[in-house]
Each structure stands twice: as structure tokens, then as C-alpha cells.
Amino acid sequence: MPEPVTPVTFPPAFLWGAATSAYQIEGAVREDGRTPSIWDTFSHTPGKTAGGETGDIAVEHYHRYRDDVALMAELGLTAYRFSISWSRVQPTGRGPAVQRGLDFYRNLVDELLAHGIKPAVTLYHWDLPQELEDAGGWPERDTALRFAEYAQIVGDALGDRVEQWITLNEPWCSAFLGYGSGVHAPGRTDPAASLRAAHHLNLAHGLGTSALRATMPARNSVAVSLNSSVVRPLSQNPADLAAARRIDDLANGVFHGPMLHGAYPETLLAATSSVTDWSYVLDGDLAAINQPLDALGLNYYTPTLVSAAAASADGPRADGHGASSFSPWPGADDVAFHQTPGERTEMGWTIDPTGLHDLIMRYSGEAPGLPLYVTENGAAYDDKPDPDGRVHDPERIAYLHGHLSAVRRAITDGADVRGYYLWSLMDNFEWAYGYGKRFGAVYVDYATQARTPKSSALWYRQAARTGTLPPVTAAE
Ligand code: FCB
């Protein structure tokens with residue numbers, strides 16, 4: 001990629017963050033009262049993850065968090081986004097909290113604050129307590145009520161020291177990969193259940209937001225992180241445009257409709273009427289979901305390219321998170337998914353920073369006045385230490401440079417983007433892919449748990465310290 005002529009410089013208050021999630025890094029799954037989540041059960045079910053890998057040990061962050069925070073400080077991070085393991089703080093998903101679980105997160109937050117790193121807490125990054133799944137999981141309304149209670153517990157415990165809150169991470173994945181294509185926990189493949197799950201995740205977000213607000217100081221910010229897809233039609237033919245519209249409703253409108261505008265898109269309700277009658281949307285639900293937010297989190301990796309077509313013999317693609325013959329797109333079996341042309345990462349995801357710019361500009365318009373954060377963006381590569389033990393990842397540097405430049409262009413174009421969280425701080429358990437896909441800026445040797453900053457981490461440190469993107473060759 002050619003170097004821009006002028007330096008790419010960010011506003012002084014811009015947050016330079018990194019993100020992780022509990023099940024992907026903590027390990028210690030049976031310690032201090034934690035009980036299994038749906039990801040424990042799923043990863044221990046034969047055939048569900050690559051090589052049968054699990055998060056049992058992960059990168060032992062539960063025991064190494066002090067060193068990990070020191071590393072974050074060395075890398076110049078000014079913000080860190082992590083998630084709380086629900087079954088660590090409220091083991092059965094109901095009733096009283098476990099103090100040891102809350103203490104872990106309180107200690108982590110204090111360590112971050114002591115190093116001048118702003119914590120951003122995600123309440124739910126896909127690890128539902130197994131007992132709540134046994135009672136029906138996200139397709140059941142009660143799960144949303146339980147989430148509100150859990151939100152209050154965590155808000156009470158950390159609201160005095162954490163200002164940035166995110167209710168849900170990527171509810172699309174929870175609903176449609178968890179209950180539709182089944183490539184994520186709990187691995188169910190029921191299109192009607194996936195739409196019910198989407199509604200109850202929306203309700204959980206709304207009730208959780210209200211619960212946090214009721215218990216926390218007013219200065220705190222409440223947001224949600226959506227993996228809003230950038231859906232592009234293969235051509236400008238009316239049929240392809242309609243296919244793109246349909247997928248846009250199922251990827252985006254199903255969440256931002258009720259959350260930001262207080263209604264599901266009419267076109268979504270019509271297109272899914274053969275799958276569900278939406279009778280579980282009760283009076284008052286939409287108002288409960290449509291809480292004013294303080295910010296919006298956008299997670300972006302790659303655009304989605306679609307056309308109208310009969311479903312391919314292999315069935316529709318499962319959005320890059322794993323293969324399944326069940327679709328994560330209910331009611332859209334006649335939409336075909338295509339590989340966007342261009343270079344790809346190790347996930348097979350096409351590298352296209354214009355998608356991030358488009359996404360930010362779209363939500364800048366959808367939610368005028370709402371501060372935006374890129375709460376995840378990054379790339380997996382097949383990183384390996386060289387004979388001196390150093391890990392060179394020039395592709396990741398180029399990826400970050402391209403995407404951060406796109407963020408900067410969006411700011412120039414008027415979007416209020418306040419920060420960027422690189423996915424991920426360190427290599428970790430990549431869900432159905434196990435440990436085979438390395439997204440970290442820090443390399444983890446899984447045999448020894450040794451952490452080694454890759455050259456991209458050093459490049460990112462320079463960006464964070466100076467507020468200006470170094471050239472792509474700077475850290476080589
Ligand atoms: C996102 C998830 C995150 C990680 C990245 C690669 O969808 O939120 O946990 O898996 O993808």
C-alpha cells in the first residue's frame with residue numbers, strides 16, 4: 001500500500017485500545033466457584049472445535065493478569081476492553097453473586113487504573129451460564145430478565161471505577177451462529193429459535209442498560225458492540241439489491257432497528273414471516289429495548305458480498321466463523337454469498353479497509369450525535385517466531401495501517417470516532433477454530449505461556465504514543 005503523503009494523525013483524546021474476551025483468555029474454568037458456560041459445554045463436545053480444543057487453560061490470564069496489564073502499559077495502550085464471565089460472578093445465572101469472581105475483575109480494573117489504562121467492560125461475550133441454556137437459553141424471555149439482574153450485580157460492583165460499559169458483544173453471533181448455523185455454542189440449528197434469540201438479546205440489552213443506569217453514577221457510558229455487516233450487492237440488478245437489503249436487515253436492522261429506532265424493520269418482519277410470527281415481541285418490549293445510548297461500538301473485519309441465487313449445493317456460508325450446512329440467515333435461502341476479491345487474512349477474510357470507513361459513515365448517519373468506537377478490528381496470520389525468538393508480522397502492520405487510516409478518513413468526513421480497540425491484545429482461543437488462528441499483537445507460546453510482542457505491537461505502541469501512524473515499515 002502506498003504511503004499517504006501527509007501523516008495520519010489522530011485527535012489527542014483518541015483511545016488506543018486492545019480487546020479480549022473472558023472465555024478466550026482466562027482459563028481457570030473450574031476455579032473460585034465458576035461453573036460451566038455454554039462454551040465450556042460446546043468446546044468439550046466432540047467435533048465442535050478444531051482439534052477438540054477448549055478454553056480450559058487458554059492463556060491463563062486469570063492467573064497472569066498483573067503481568068498482562070504491565071505488558072499493556074509497556075505497549076502504550078490507553079484503553080483495554082475485556083469481558084466478564086457471567087458464570088464466574090453468578091454461577092447459576094441467578095441469585096447471589098460470588099465475591100471471589102467479582103474480586104478478580106475488581107483487581108483487574110484496579111491494576112488497569114493504576115497503569116493509566118481506561119477499562120471498558122463487556123458484560124456478555126457469548127458465554128451464557130449453562131444452567132440458563134438448560135432452561136431454554138436466549139430463545140426464552142427469562143434469559144433477558146436474568147441478564148438484567150446480572151448487569152445490576154456487575155454494575156454495583158464495578159460502576160464506581162469503570163466508566164465505559166458495553167452490554168452485549170455481537171448479538172448477531174449469539175443468535176444466528178449459536179441457534180441458527182450452530183457453529184457457535186450452544187450449537188442449535190433452529191431458524192425460528194435464532195430469531196427468538198435475537199429478540200431476547202435485544203431485550204437483554206435494553207433491560208441491562210436500564211439496570212446499569214439505575215445502579216451506576218450518571219457519568220458512566222453505556223454502549224453495545226455490534227458486528228454490523230457491510231453488505232454489498234454483487235451487481236446493481238434489482239434482484240441483487242433486494243438480496244443485499246434482506247441480508248442487511250438480518251445482519252443489522254434486526255438489532256439496530258429496535259435499539260436505535262424502537263422498531264424492527266417492516267421488511268425484516270415480512271421476509272421472515274414464514275419462519276416466525278414474532279408473537280414473542282410483547283407490548284412494551286420495543287420501548288424497553290430503545291434506551292438512549294451513550295456510545296455505539298462497531299466491530300469490523302471484512303465486508304459481505306451477496307447476490308440473488310438459489311442456495312449453493314454446500315448451503316449458505318456461515319459468515320466465516322466456521323462451516324455448517326445450516327444457514328445463519330433465516331428466511332434467506334435464496335441469497336448467495338460470495339468471496340470479496342482481494343488479499344485475505346488467515347481466516348480467509350478479505351482485507352478491505354473501505355468497508356470500515358463505510359460502516360462508520362453509515363452509523364454516523366443512523367445515530368447522529370452518538371460517539372462511535374471501533375470496539376474490534378484486526379487480523380489473523382500464521383505468525384511464527386524467528387530463530388532469535390522475534391515475531392515479525394508485516395501483514396498485520398499493513399492491515400492496521402489500512403484500517404486506522406480508514407478510521408481517520410471517517411473522522412475527517414465528520415464521524416465522531418473516539419477510539420479503536422485492536423482485536424486482539426494477544427493470541428487466544430478463537431472459538432470453533434481453537435488456537436490455530438492467531439489474532440494477537442502479542443504472540444503467545446501455548447506450551448510455556450510466554451508472551452512476545454510481535455512487530456505489530458511495537459508499531460501500534462508508536463502510534464499510541466505519538467497519535468500518528470508510523471510508516472508500515474517502521475517496526476521491522
Ligand atoms: C469477533 C469476536 C471475537 C473474535 C473475533 C475474531 O466476531 O467478537 O471474539 O472471535 O471475531
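The exercises below walk through a predicted model, each with a worked solution.

Residues are numbered from 1 along each chain as its sequence is written, and side-chain values use heavy atoms, with hydrogens and water left out. Because the model is predicted, local features need pLDDT of at least 70 and side-chain atom pairs count only at pLDDT 80 or more, while totals for chains, interfaces and linings use all residues.

**Exercise 1. Confidence**

Find the average pLDDT of the protein, and the residues over which pLDDT stays under 50.

Solution. Begin with the term itself: pLDDT is the predictor's confidence in each residue, from 0 to 100. The protein averages a pLDDT of 96, and 96% of the residues score at least 70. Next, look at residues 313-318, where pLDDT stays under 50 and for which the model has 14 contacts beyond four places in sequence, a contact being heavy atoms within 4.5 Å. Where pLDDT is low, the predicted coordinates should not be read in detail.

**Exercise 2. Two helices**

Compare the span of helix 5 and of helix 15 with the expected span, then list what their buried residues pack against.

Solution. Helices (H or I, at least four residues) and strands (E, at least two) are DSSP runs, numbered from the N terminus, and the expected span of a helix is 1.5 Å times one less than its number of residues. For the 16 residues of helix 5 (residues 99-114) this gives 22 Å, and the end C-alpha atoms are 22 Å apart, which agrees. Helix 15 (residues 455-466) has 12 residues and reaches 17 Å from its first C-alpha to its last, close to the 16 Å expected.

The next step is burial, where buried means under 20% relative accessible area, exposed over 50%, and partly exposed in between (1.4 Å probe, protein chains only). In helix 5 the buried residues are Gly101, Leu102, Phe104, Tyr105, Leu108, Val109, Glu111 and Leu112; their packing partners include helix 3 (61-74), strand 3 (118-124) and helix 7 (141-158). In helix 15 the buried residues include Trp459, Tyr460, Ala463 and Ala464, and the buried residues of this helix pack against strand 1 (15-19), helix 14 (394-412), strand 11 and strand 13 (450-453). Finally, look at what comes after each helix: helix 5 is followed by Gly116, whose phi is positive, near 75°, and just after helix 15, Gly467 takes a positive phi of about 75°.

**Exercise 3. The ligand**

Identify the residues that come nearest to the ligand, and give the distances of the polar side-chain atoms of Gln24, Asn169 and Glu170 from its oxygen atoms.

Solution. A residue is near a molecule if one of its heavy atoms lies within 4 Å of it. Of the 12 residues around the ligand, Gln24, His125, Glu170, Glu430 and Trp431 come nearest. For polar contacts with the ligand, look for a pair of N or O atoms within 3.5 Å. An N or O atom in the side chain of Gln24 is 2.8 Å from an oxygen atom of the ligand, a polar side-chain atom of Asn169 lies 3.0 Å from a ligand oxygen, and for a polar side-chain atom of Glu170 the distance to a ligand oxygen is 2.5 Å. The protein covers 99% of the 300 Å² of accessible area that the ligand has on its own, an area computed by the Shrake-Rupley method with a 1.4 Å probe.

**Exercise 4. Backbone features in loops**

Locate Glu60 and Trp431, which have positive phi without being glycine, and then the cis peptide bonds at Pro186 and Ser424.

Solution. Glu60, with phi near 50°, sits in the loop between helix 2 (38-43) and helix 3. With a relative accessible area of 26%, Glu60 is partly exposed. Trp431 has a phi of about 50° and belongs to the loop between strand 11 and strand 12; at a relative accessible area of 3%, Trp431 is buried.

Turning to the peptide bonds, the one from Ala185 to Pro186 is cis, with omega near 5°, and Pro186 lies in the loop between helix 8 (171-177) and helix 9 (191-215). The bond from Trp423 to Ser424 is also cis, with omega near 10°, and Ser424 is placed in the loop between strand 11 (417-423) and strand 12 (442-445).

**Exercise 5. Buried or exposed?**

Decide whether His200 and Ser325 are buried or exposed.

Solution. His200, found in helix 9, has a relative accessible area of 1% and is therefore buried; among the residues that His200 touches are Trp138, Arg141 and Tyr280. Ser325, in the loop between strand 8 (304-308) and strand 9 (335-338), counts as exposed at 57% relative accessibility.

How values were computed
Polar contact = N/O pair within 3.5 Å; in protein donor to acceptor, adjacent residues only side chain to side chain.
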